[in-house]
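Me: Could you take a close look at the salt bridges in this model for me, and then walk me through the surroundings? I'd enjoy one connected account.

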Amino acid sequence: MPDLESRTVPEDHHDLRLWLRLLTCCNLIEGEIRSRLRVEYETTLPRFDLMAQLLREPAGMKMSELSRHMMVTNGNITGITDQLEKEGMVERIKVATDRRSSLIRLTARGKRVFRKMAQSHEQWIREMLGGLSEKSRDALYEALGELKLLNQPRRNAKP
């Protein structure tokens, strides 16, 4: 199946070819992670991401915080949270100072399950990037860091 990069021709400018190669690599790696999560853990990447956020905040997070951190709508967070709650992975705790709000946090079971998934996830990433030499990984990391800095929104930039 052709990928985004395969659509380019030598006459396309180098920056376009570079962008499509970067996007293709991201899509291939993400697709493999999604597939492995589905096959090995019967879960999805959004569920994995939500649980990862909650593991970092043992006291729990409000839906709006989860939504902001994951860059998705509150509706998406609610649906995922409802499923995870039914499975005993997360719990909702009412906020005493705000009757409308709840904190979402991992249950003990959720922590155990997530830690197992996270170990597998780390191994999968190592496998996928492990074919690169240490020198290539370091160079790629540095180059992507430079690219990130060049493209971060400027706080005081004028339109």
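Reply: Happy to. A residue is called buried under 20% relative accessible area, exposed over 50%, and partly exposed in between. Because E32 has 32% relative accessibility, it falls in that middle class and counts as partly exposed. Please keep in mind that this is a predicted model.

Let's stay with E32. Its side chain meets that of R36 in a salt bridge, with 2.7 Å from N to O. Both residues belong to helix α1, which covers residues 14–41. They are separated by about one helical turn because they are four residues apart in that helix.

R36 has another partner as well. The side chains of E127 and R36 form a salt bridge at 2.9 Å, N to O. E127 sits in helix α5 (residues 108–129) while R36 is in helix α1, so this pair ties together parts that are 91 residues apart in sequence. With 45% relative accessibility, E127 counts as partly exposed. Put together, E32, R36 and E127 are linked in a network of salt bridges.

For the wider setting, a search of the whole structure finds eight salt bridges. One of them is worth a visit in the strands: E91 and R105 form a salt bridge whose closest N and O atoms are 2.7 Å apart. This pair also links distant parts of the chain, with E91 in strand β2 (residues 90–95) and R105 in strand β3, 14 residues apart. E91 is partly exposed, at a relative accessible area of 29%, and R105 is partly exposed too, at 31%.

Strand β3 spans residues 98–106 and also holds R99. R99 has 76% relative accessibility, so it counts as exposed. If you measure out from R99 to L149 in your viewer, the two C-alpha atoms are separated by 41 Å, and the residues are 50 apart along the chain.

Now over to helix α6, residues 134–151, where you will find E146. Here the surface carries charge: E134, D138, E142 and E146 form a negative patch. E146 counts as exposed because its relative accessibility is 52%, and the cut-off for that class is over 50%.

Helix α6 also holds L147, which takes us to a nonpolar surface patch. That patch is made by I29, L129, L132, L140, L144 and L147, and covers about 430 Å². Helix α6 gives the most to this nonpolar patch, with three residues. L147 has 38% relative accessibility, so it counts as partly exposed.

Finally, the record. An unreviewed UniProt entry places the feature "domain: HTH marR-type" at residues 15–149. Over those residues the chain is 73% helix and 13% strand. The C-alpha atoms at the two ends of that stretch are 17 Å apart.

To retrace the tour, begin at the network of E32, R36 and E127, move to the bridge between E91 and R105, and finish at the negative patch that includes E146 and the nonpolar patch that includes L147.

Definitions and conventions. Residues are numbered from 1 along each chain as its sequence is written. This is a predicted model: local features need pLDDT of at least 70, side-chain atom pairs count only at pLDDT 80 or more; totals for chains, interfaces and linings use all residues. Side-chain values use heavy atoms; hydrogens and water are left out. Patches are made of residues with over 30% relative accessible area and no salt bridge: like charges are joined within 9 Å, nonpolar side chains (Val, Leu, Ile, Met, Phe, Trp, Tyr) within 5 Å. Accessible areas come from the Shrake-Rupley method with a 1.4 Å probe; for residues, only the protein chains shown count as cover. A salt bridge is a side-chain nitrogen of Lys or Arg within 4 Å of a carboxyl oxygen of Asp or Glu. Lys and Arg count as positive and Asp and Glu as negative; His and the chain ends are not counted. The place of a charge is taken as NZ of Lys, CZ of Arg, CG of Asp or CD of Glu. Buried means under 20% relative accessible area, exposed over 50%, partly exposed in between (1.4 Å probe, protein chains only). UniProt positions are given in the numbering used here, feature names are shortened, and annotations may be inferred rather than shown by experiment.
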